[in-house]
Structures are given as C-alpha cells and as structure tokens.
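User: I'm new to reading protein models and would like some help. Could you walk me through a few features, one at a time?

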Amino acid sequence: MSGIYIHIPFCKQACHYCDFHFSTSMKKKEEMVLAIAKEIEMRKSEFKSETVETIYFGGGTPSVLTSEEINFLIAAVYNSYSVSENPEITLEANPDDLSSERIIELSKSKINRLSIGIQSFFEDDLQLMNRAHNSAEAKKCLEVATKYFDNISLDLIYGIPGMSNEKWKQNIETALSFGIPHISSYALTVEPKTALNKLIQTGKIVAPKDEVAQEHFAILVEALEANGFIHYELSNFGKENYFSKNNSAYWLGKKYIGIGPSAHSYDGVSRSWNISNNSLYLKSIQENKLPNEIEILSITDRYNEYIMTGLRTIWGVSLDRIEREFGSKYLEYLNKQTQKFLNDDLVFIENNILKPTPKGKFLTDGIASDLFYLNLE
Ligand code: SF4
C-alpha cells in the first residue's frame, strides 16, 4: 500500500495558530498547479512497482483549487502511476469553499472523502482563531456534504481560551448530530512564529491551559467512544471501516510520495522534504530539478519513529518487532525506560504489545519522548 500526498500551499487568510506552509496570495496558483503536475510526473520512477491506494490533497487549503484543477491533478497521478481500483481520494476543504453547488460538483469527481476544517461551531472561537468561515457556513456545508458524501471527516479544536467544558460538549454534540463517520481533534497549541503567540505575548489573548485541554480530551474520548467511534490514533476517531487509509498508512510506516512545496516523502529507508517556499519550488521544478533534501534514516531514527507512531495508535508498539527489527539492546532499553510508566499505570503490555492506558493517553507524546533512544550509534 502506498500513497500520494499533494500539498496545496494557498489559504484565503492566515489562521492565528497555524504554522503550516501556505501563501495568502493566489497570484501563482495556476503556475503552481502546473508545477505540481510536473513533479507528479517527474517522480513516477519512485513508485515503479507500487500501487497507489490513497491520494490526499492537503495544505494549505486544497479547496481553493477549482474542480478542474483538482481533476487535472488527479488525472496527472493516473497518467504516471498504477492506481488501485478503489483508491481513497481525500480533499481537505474549508466550509467557506463548500457551497452546495461546489459539493455537488466535487461529488461528481473522483474525490470520495472530504476532510472538513470545521474547528468549532461557535462564532467567537472562529473569530479568535481567525478562521475564514463562520458558524452558519460550518453547519450548512455539513448538512449538504452528508447528502453527497458518505466518507466525511471533520476537524475540531479543543482547549481554546475561554472554552468551557459545557461549550466543548456542545461542539461535540453538534458534530455528532450530522452523523459523520470520522473526527480528528487537536488541542490548540501555540507555535512560536504565529500570530497567536504574539497575541498571547502582548496580553490580548490568554494562553491555552494544559489542564483544560486535558479535560476536553477526556470529554472527547468518552463522548465519541459512547457514540461508536474507535479511538484509533491519539487525535483521530473513526467508525468501523472509516479510519483514514491515508493517515493509517503513514502510521504503519508505508511508503508515500509528498508532492508540492513543503511536502514530505518516505520510502522505507529515507525521508525527504520539499522546499517550503513557493517561488523557489516553482523555479526548481521549471528547471527540471526536484527541490528536496533527503535524509537517510538511522536505526535509532526508525526506532524513535516507531515508538512515537506506535504509542499514538491503536496498534501499539510490538516488543517482538522491536527485538526483530532493532535488536536486543533497543528492547532492553525500552523495557528499562517503560518501567516507571508501568508503575504509574500510564502504559500497559498485553500480548507483548505496549500501549498507553486511558490515563496515559493524553500524555502519549511525553511518554514516547522518554522512550526515545538518543545516542546509540
Ligand atoms: S486554513 Fe489550515 S493551513 Fe490555512 S492557515 Fe488555516 S489552519 Fe493553516
């Protein structure tokens, strides 16, 4: 199983919390679509013997592309790669781009999964985060999208300053009322180079609190599990058969090619990433050069990545696999480091698989970093 990720580096406006790569100027959008199609073609030799099972348009905001542009890029993938019969093809979309006409148009394309950036159904939260849509648009687009798409995911953010537990519960209930089968939910985090950080530093917004985020996370897990969702990754919940195939492939260490500015790729041995600059990306592709840097992963890098992704997912960390792939010194180290978390009931081992307990789930990233091996080689 392998996937193609396509990064569309444009957004209508900058959300205050975001540190992804995007430009709010659409001037180079057409040129970018052509360059992305060209990169798709340039990299076909990387997947000579692979079948593409997922195509994912992420960003940025891929829904700023016209349907013709999206179809053109999907056709570029089909022209250069062998694609499975029923690939999962996801479009990340924002509610302000999803008018009824647009949803109907998309439903006639090969896109078969929408990942909608709702974030909150409350006007004040959306304004605080500087989202481009409003609450009415969020609800309206879900109402229509659920009529035309069966496979829909929505994003919600918790731990927003001023968000009470009650308000968070209402957000979850509203999301559930649309009957969608997948929810991704993240705590609001303050990244250094963002407007949100500046607003907090200058006292205009109070900083999000960890304790509040932890309570919201507990509410989320309880509510979604009670409604038949499986908590298959720390931030992702899906009904049976609706886990994101694209993201599951990342977490299970499958190969993927990332196309477009700032996109990352993984071929099982090395990682590469494209330059995070639209003009330099365009120039390089126009000169027939791939604008990427490559890093060969060491055994320690691969061990650390497996610990992080394994602990975050329902599949856990297999101690047999640690020994088989990385050797007994890694297993001994892991066993030693795990002891204190076992004693504190933050992790458990079942059938030789290490997983966080419900109490440990919110602390997964911190636990994983304590299990990382720093200098073995
Ligand atoms: S729409 Fe998404 S990528 Fe664009 S600024 Fe907002 S959070 Fe970032």
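Analyst: Let's go through the ligand shell, an annotated stretch, some charged pairs and a few single residues. Keep in mind that this is a predicted model.

User: Let's begin with the ligand. Which residues are around the ligand?

Analyst: The general idea is to list every residue with a heavy atom within 4 Å of the molecule. Here that list holds Cys11, Gln13, Cys15, Tyr17, Cys18, Phe20, Phe22, Gly60, Thr61, Asn94 and Arg131. Sorted by character, the shell has six nonpolar residues, four polar and one charged.

User: And what does the UniProt annotation cover?

Analyst: An unreviewed UniProt entry carries the annotation "domain: Radical SAM core" for residues 1-230. In the model, that stretch is 40% helix and 21% strand, and the C-alpha atoms at its ends sit 22 Å apart.

User: Now the charged pairs. How many salt bridges does a search of the whole structure find?

Analyst: Side chains of opposite charge can pair when their charged atoms come close. In this structure, the search turns up 17 salt bridges. Take Glu41 and Lys44, whose closest N and O atoms are 3.1 Å apart. Glu41 counts as partly exposed because its relative accessibility is 40%, and Lys44 counts as partly exposed too, at 37%.

User: Where in the chain do Glu305 and Arg271 sit?

Analyst: Those two side chains form a salt bridge, at 2.4 Å from N to O. The pair ties together distant parts of the chain: Glu305 is in helix α11 (residues 299-312) and Arg271 is in strand β11 (residues 270-274), 34 residues apart.

User: Are Glu305 and Arg271 buried or partly exposed?

Analyst: The cut-off for buried is under 20% relative accessible area. Arg271 has 17%, so this residue is buried, while Glu305 has 27% and is therefore partly exposed.

User: What about Lys289 and Glu287, how far is it from N to O?

Analyst: Their side chains meet in a salt bridge at 3.2 Å. Lys289 has a relative accessible area of 47%, so it is partly exposed; Glu287, at 39%, is partly exposed as well. Salt bridges can also share partners, and in that way Lys12, Asp96 and Asp97 are joined into one network.

User: Which side chain of opposite charge is nearest to Asp155?

Analyst: To judge a charged residue, check its burial and then look for a partner. Asp155 is buried yet has no salt bridge; the nearest side chain of opposite charge is Arg131, 7.0 Å away. Remember Arg131 from the residues around the ligand. Asp155 itself belongs to strand β5 (residues 152-158). Leaving out residues up to four places away in sequence, Asp155 touches Ser115, Ile116, Gly117, Ile118, Gln119 and Ser184.

User: How far apart in space are the C-alpha atoms of Asn278 and Lys29?

Analyst: Here you compare position along the chain with position in space. Asn278 and Lys29 are 249 residues apart along the chain, yet their C-alpha atoms are separated by 9.8 Å. Asn278 is in helix α10 (residues 278-286), and it counts as buried because its relative accessibility is 10%. Its contacts, again not counting residues up to four places away in sequence, are Pro9, Phe10, His21, Ser23, Met32 and Pro261.

User: And where does Lys209 lie?

Analyst: Lys209 is in the loop between α7 (195-201) and α8 (210-226). At 46% relative accessibility, Lys209 is partly exposed. From Lys209 to Ile230 there are 21 residues in sequence and 27 Å in space, C-alpha to C-alpha.

Key:
Residues are numbered from 1 along each chain as its sequence is written. This is a predicted model: local features need pLDDT of at least 70, side-chain atom pairs count only at pLDDT 80 or more; totals for chains, interfaces and linings use all residues. Side-chain values use heavy atoms; hydrogens and water are left out. Ala, Val, Leu, Ile, Met, Phe, Trp, Tyr, Cys and Pro count as nonpolar, Asp, Glu, Lys and Arg as charged, and the others, Gly among them, as polar. UniProt positions are given in the numbering used here, feature names are shortened, and annotations may be inferred rather than shown by experiment. Helices (H or I, at least four residues) and strands (E, at least two) are DSSP runs, numbered from the N terminus. Buried means under 20% relative accessible area, exposed over 50%, partly exposed in between (1.4 Å probe, protein chains only). Lys and Arg count as positive and Asp and Glu as negative; His and the chain ends are not counted. A salt bridge is a side-chain nitrogen of Lys or Arg within 4 Å of a carboxyl oxygen of Asp or Glu. Contact means heavy atoms within 4.5 Å.
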